[in-house]
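Please open the model in a viewer and keep the sequence at hand. The tour below proceeds by selections, each followed by a description of what is found there.

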Amino acid sequence: MFIVAGILMSVLTCSVNASAVLTPAAQPSPAAPTHQTSPAIQTETTTATPEAIMNEVATKEAIIKGSIINEDIKPEPSPKDDIIKLFTPERRDTLRVHFRWSNAVIDTLYEDNGATLRRLATLLNDLDHPADTLYIYSSSSSEGGAALNERLSLKRGEALRDQMVRLRGGRRFEGVTIIPLGANYPEFRTRLKAADALPHRDETIAQYETASRTYGDEAAFARLRSYLGGVPYRYITANILPHMRYADLVVVSHFVVEEQIAADAEEPMPLPAIALRDEPLSVNPLREPKTPEPLLEEPQKDTLVRRWYPAVKTNLLYDLATAVNLELEFPLGDRFSLALEDDFPWWNWGPNGKKYCFQIWNMGVEPRWWFIRDDRRDYLTGHFLGVYGMSGKYDLQWDTRFCWQGEFWSAGLSYGYALPLCRRVNMEFSLSVGYLRSDYRHYQPDEDYKHLYRDRQNTGKVTWIGPTKAKISLVIPLGRDSRTSRKAVE
């Protein structure tokens with residue numbers, strides 16, 4: 001009996017050991033890749049512990065967020081008697097294009113965009129390798145609503161992608177991934193903390209962090225507009241926000257590595273590499289994360305429309321001389337405008353209204369090119385060059401000592417600069433130089449100033465080349481600029 005019982009116990013023990021060896025959790029699948037740098041094939045039996053599962057989840061989440069880009073992670077091949085090619089990251093090249101406020105058009109005259117595009121053209125000539133991967137991270141500053149800034153940052157990424165296509169002679173890229181960062185509050189927080197010259201720096205940072213935890217990033221940023229009289233916000237607008245309006249091209253270049261692997265194995269699947277985003281992600285440890293599909297390559301028309309408006313102006317220098325004047329200016333796109341002016345002082349006084357006279361009627365037109373724009377307004381701020389033409393007539397009298405009538409015309413060039421003065425008012429400074437010609441006639445009043453007599457012997461023409469107009473104008477836009485709206489994009 002004891003001998004038979006011993007034999008039965010031995011048989012049961014062997015069965016249990018055999019079933020433990022064949023447990024699926026302990027025997028790895030030949031087709032499943034494992035994360036290790038050695039090409040050797042794993043043959044030992046392993047047991048999945050809770051710590052191992054958590055490490056796997058953390059690894060996948062880090063890959064999704066872009067904190068690792070698979071430089072040290074290589075899927076282990078399964079047995080197969082063949083040679084495969086593995087693409088390993090070699091280097092990264094990054095180029096940044098800057099954008100003007102509320103704009104998704106690449107301006108070669110803005111910042112260093114011209115030099116950047118020349119470097120981009122050189123870099124694109126070397127992107128014929130099939131293993132090159134391209135990412136475009138596009139950002140807008142933290143002003144405005146989150147949805148509109150997300151849309152604007154996407155269009156900036158598309159603008160850079162379309163510019164790349166043009167630089168390649170119309171040839172499109174495969175697998176260009178655009179990652180719009182939207183209002184990009186994480187970068188704003190980083191730049192805010194790094195701004196050593198920020199007025200009331202510690203108080204401003206504390207205010208933003210407290211409001212961010214309570215109300216969210218968008219509301220916290222909006223509260224900075226009026227915090228401490230807006231002094232910190234004006235610094236932020238001038239020194240932080242312009243650096244957040246960009247599109248970055250990141251090129252990950254690879255080299256090819258050939259490795260001998262054993263037979264009966266499937267092709268290894270590369271792990272996805274996705275750019276860093278700050279939204280919380282949930283990772284299922286039982287399912288591989290999906291690589292996002294790249295956006296369509298068809299260029300899309302920029303539908304971002306800023307608020308169009310004309311502006312009304314008055315020249316304060318003429319006003320000081322009681323020369324009533326009015327000017328209207330109409331924006332014609334981002335770079336051009338058309339100004340129409342009318343000067344009409346029409347005064348006379350004294351006996352019979354013929355002792356003193358100050359009458360001028362002048363009308364002019366001036367197309368302008370805004371070659372350097374000021375991003376603090378949608379239109380009509382910055383540096384401009386203009387070509388003007390004007391004509392008019394005059395009657396100037398001071399008792400009997402100065403009595404002249406005539407007609408004139410003038411044409412020439414103008415240069416000026418306009419800047420925001422406050423929320424609703426701009427200021428413009430300009431100087432015109434050109435050619436002026438006038439026909440003049442002298443006249444003389446009688447003793448009681450009842451009649452004026454023309455002096456036919458004292459008539460003629462006069463010409464002048466030099467300064468013809470000077471302006472310090474008060475400008476009032478006839479509409480609400482999107483830059484002054486709290487719901488503005490950027």
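Begin with the salt bridges, of which a search of the whole structure finds 22; a salt bridge here is a side-chain nitrogen of Lys or Arg within 4 Å of a carboxyl oxygen of Asp or Glu. The model is a predicted one, in which local features need pLDDT of at least 70 and side-chain atom pairs count only at pLDDT 80 or more, whereas totals for chains, interfaces and linings use all residues. Residues are numbered from 1 along each chain as its sequence is written, and side-chain values use heavy atoms, with hydrogens and water left out.

**Salt bridges**

Select R96 and D248, whose side chains meet in a salt bridge with an N to O distance of 2.7 Å. R96 belongs to strand 1 (residues 81-98) and D248 to strand 4 (residues 246-262), so the pair ties together parts that are 152 residues apart in sequence. Helices (H or I, at least four residues) and strands (E, at least two) are DSSP runs, numbered from the N terminus. R96 is partly exposed, with a relative accessible area of 28%, while D248, at 8%, counts as buried. Buried means under 20% relative accessible area, exposed over 50%, and partly exposed in between (1.4 Å probe, protein chains only).

Move next to helix 5 (residues 185-194), where R191 and E187 are four residues apart and thus separated by about one helical turn. Their side chains form a salt bridge at 2.9 Å, N to O. R191 is partly exposed at 27% relative accessible area, and E187 is buried at 16%.

Then add E209 and R189 to the selection; their closest N and O atoms are 3.1 Å apart, in a further salt bridge. This pair links distant parts of the chain, with E209 in helix 6 (residues 201-215) and R189 in helix 5, 20 residues apart. Both E209 and R189 are buried.

To end this section, select K313, E327, E329, E341, E366, R368, E428, K469 and K471 together, as salt bridges link these residues in a network.

**A nonpolar patch on the surface**

Display the surface and select V324, L326, F344, W346, W347, W349, W361, M363, W398 and F402, which make a nonpolar patch of about 1,000 Å². Patches are made of residues with over 30% relative accessible area and no salt bridge: like charges are joined within 9 Å, nonpolar side chains (Val, Leu, Ile, Met, Phe, Trp, Tyr) within 5 Å. Accessible areas come from the Shrake-Rupley method with a 1.4 Å probe; for residues, only the protein chains shown count as cover.

Which strand supplies the largest share of the patch? Strand 8 does, with three residues. Strand 8 (346-349) and strand 9 (356-373) each supply at least two. W347, found in strand 8, is partly exposed, with a relative accessible area of 38%.

**Contacts of F371**

Follow strand 9 to F371. Its C-alpha atom is separated by 6.7 Å from that of R335, 36 residues apart along the chain. Leaving aside neighbours within four places in sequence, F371 is in contact (heavy atoms within 4.5 Å) with L109, R335, H383, F384, L385 and Y415.

**Cysteines**

Select C357 and C403. How many disulfides are there? The count comes to zero, a disulfide being a pair of cysteine sulfur atoms within 2.5 Å. The sulfur of C357 is 9.5 Å from the closest cysteine sulfur, in C403, which is too far for a bond. C357 is buried at 8% relative accessibility, and C403 is buried at 0%.

**Positive phi angles**

Most residues other than glycine have a negative phi. Select S102, which is not a glycine yet has a positive phi of about 55°. S102 is found in the loop between strand 1 and helix 3 (113-124) and is buried, at 5% relative accessible area. Then select L380, also not a glycine, with a positive phi of about 60°. L380 lies in the loop between strand 9 and strand 10 (382-398) and counts as buried at 8% relative accessibility.

**The whole chain**

Finally, zoom out. The chain has nine helices and 13 strands, and buried residues make up 42% of its 490 residues. Among contacts between residues at least 6 apart in sequence, 70% join residues at least 24 apart. The accessible surface of the chain comes to about 27,300 Å², of which 60% belongs to carbon and sulfur atoms.
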